[in-house]
Amino acid sequence: MTSVATPAVSTDQAVPETHRISLADIARAHNVRFLLATFVDMTGKPCAKLVPVAAADELESGTMGFAGYAAGLIGQQPQDADLIAVPDLASFTPVPFIKEGLAIIHCDPHVNGQPWPYAPRVILKNTLARLAGQGMQAKVGAEVEYFLVNKNDDGTLSTADVRDDSPRPCYDARGVTRMYDHLTSISEAMNVLGWGNYANDHEDAAGQFEQNFNYADALTTADRVVTLRYILNILAEQRGMTATFMPKPFTDRTGTGLHFHLSLWSGAEALFPGDDGGRGLGLSDLAYSFIGGILEHAPALQAFLAPTVNSYKRSGATTSSSGATWSPRRASFGGNDRTHMIRVPDNKRIELRSGDGSANPYLAIATAISAGLDGVEKTVDPGLPSGPGESKPGAHLLPATLLHAVEALRRDPVILSSLSGDQEIGKYYADAKEEEFLSWHNQVSDWEIRTYLTSI
């Protein structure tokens, strides 16, 4: 998160070395008056309490309780004990560009004094602990795409910039300029936080943008994705727009992805570069096994990488107004080729491209690492990389709907058990996603009226 988590204290206010730096100390050093004590449920919804700094000690000591069932999909029933938000001081993030004196701090939900295994941030930390047990750490970069839209009186969506109507607007300098105030406010916010924003693009669809920041350790990047979504939502609302991460808000346009760049390290040593064995990508055997694990578990992974009904309108699209969907249909890997599920832009990282804007970053990263680690432990060989725009005949076809993804998850014991090592948590998630699919399926759509009303 922010690089200013530990306050610089002036000599006239020096704190004795025996005094532990508290959350209240950090907040006051940054002129923060209120804290958003935040966690997300399994859908990625940000849940928070607004805590005055005067009560920061109570927050830090574990007295801030949430009714977990009311918070959302997080493994609780109405009769269960409170979720207690335990703040991670390293995640302290001042956001004065949202409200002067406000900061976000990410929390790990606990129940009865123990980390709650259904909580997405806890799930990711458990996965990273397993990785650390094998002497490895994960670094992750994320590409956050989104649309800027307005909701019309009739319930339809329109592009917030009415002049942004080209069928192929990607990188259009005029579209970026018209959204200059919004894009620069987000860029400046990221840079104030020390994230290293390095590019702000008009993406492939009218109304679609992407704003990039430097990679970091896996937990920090997941926290930053959650924080950035919040910042984008609030600053867009302040300008009368809606920022949406919905995978496919427009039938005829490219959908919204959330791509992850993954690499494994042992301390300062990058583990993905290697002798390659003649496969042409400059990767180590460990990297190929990691890729093999992801490809082997790809259908089940999609329940986390593409976790909504709408996700499969994006991944199932055959074309868009621009001529490309940028969404893989099969579990393939290759070089610097954006048609693959796994793109290898260089020998230091892989890009996982099948995730979309609705993915919960904690769950997506945790399950992808679990799949890759399973490949490493089993020394899975993914074979030769596929050529441009190609996939192997035996490559898994990615699920066609959320229900197909849920069924793949239930058939995959490795991914089903990847949430805090407990298969029951995987089953809970699968049941919830099946219910989500059936809830949608039970709604009569305009398409059905048009197709069936007078067909017989």
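Where in the chain does D276 lie? In this predicted model, D276 is placed in the loop that runs between β15 (269–270) and α8 (285–296), and the first of the close-up views below is centred on that residue.

**View 1. Surroundings of D276, a buried acidic residue without a salt bridge.** The side chain of opposite charge nearest to D276 is that of R279, which is 5.9 Å away, whereas the cut-off for a salt bridge between a side-chain nitrogen and a carboxyl oxygen is 4 Å. Backbone nitrogens do approach the side chain of D276: the nitrogen of G280 lies 2.3 Å from one of its polar atoms, and the nitrogen of L281 lies 3.0 Å from a polar atom of the D276 side chain. When neighbours within four places in sequence are left aside, the residues in contact with D276 are L281, G282, L283 and Y288.

**View 2. The salt bridge between K125 and D108, and the network around it.** The closest N and O atoms of K125 and D108 are 2.7 Å apart. This pair joins distant parts of the chain, with K125 in helix α4 and D108 in strand β6 (residues 102–111), 17 residues apart. The two partners are unlike in their accessibility, since D108 is buried at a relative accessible area of 7%, while K125 is partly exposed at 32%. Both residues belong to a network of salt bridges that links D88, D108, R121, K125 and D223, and the structure as a whole holds 17 salt bridges.

**View 3. Two further salt bridges, D172 with R174 and R353 with E351.** The side chains of D172 and R174 meet at 2.9 Å, N to O; D172 is buried, with a relative accessible area of 17%, whereas R174 is exposed, with a relative accessible area of 59%. In the other pair, the closest N and O atoms of R353 and E351 are 2.9 Å apart. Here R353 is buried, at a relative accessible area of 3%, and E351 is likewise buried, at 1% relative accessibility.

**View 4. The aromatic pair of Y118 and Y428.** A search of the whole structure finds twelve aromatic pairs, one of which is formed by Y118 and Y428 in an edge-to-face arrangement, with 5.2 Å centre to centre and 85 degrees between the planes. Because Y118 lies in the loop between β7 (114–115) and α4 (120–132), and Y428 in helix α14 (residues 423–441), the pair ties together parts that are 310 residues apart in sequence. Y118 is buried, with a relative accessible area of 15%, and Y428 is partly exposed, with a relative accessible area of 22%. Ring pairs also bring in W116, which is linked with Y118 and Y428 into a cluster.

**View 5. The aromatic pair of W447 and Y452.** These two rings are also edge-to-face, at 5.5 Å centre to centre and with 85 degrees between the planes. Both residues count as partly exposed, W447 at 46% relative accessibility and Y452 at 49%.

**View 6. Positively charged side chains over the faces of aromatic rings.** K49 lies over the face of F66, at 5.0 Å from the ring centre, and R229 lies over the face of F245, where the corresponding distance from the ring centre is 5.6 Å.

**View 7. Helix α9, largely enclosed by the rest of the structure.** Eight of the eight residues of this helix, which covers residues 298–305, are buried. The residues concerned are A298, P299, A300, L301, Q302, A303, F304 and L305.

**View 8. D57 in helix α2 (residues 56–60).** D57 is partly exposed, with a relative accessible area of 47%. Although D57 and L23 are 34 residues apart in sequence, their C-alpha atoms are 7.0 Å apart in space. With residues up to four places away in sequence not counted, D57 touches S22 and A24.

**View 9. Positive phi angles at T379 and S420.** T379 is not a glycine, yet its phi is positive, at about 45 degrees; this residue is placed in the loop between α11 (361–377) and α12 (402–411), and at 62% relative accessibility T379 counts as exposed. S420, which is not a glycine either, has a positive phi of about 60 degrees, and its place is in the loop between α13 (413–416) and α14.

Terms used: Residues numbered from 1 in each chain as written. Predicted model: local features only at pLDDT ≥ 70, side-chain atom pairs only at ≥ 80, totals over all residues. Heavy atoms only, no water. Phe/Tyr/Trp six-rings, centres within 6.5 Å; stacked < 30°, edge-to-face > 60°. Helix = DSSP H or I, 4+ residues; strand = E, 2+ residues; numbered from the N terminus. Buried < 20%, exposed > 50% of the residue type's maximum accessible area, 1.4 Å probe, protein only. Lys NZ or Arg CZ within 6 Å of the ring centre and 35° of its normal. Lys, Arg positive; Asp, Glu negative; His and termini not counted. Polar contact = N/O pair within 3.5 Å; in protein donor to acceptor, adjacent residues only side chain to side chain. Contact = heavy atoms within 4.5 Å.
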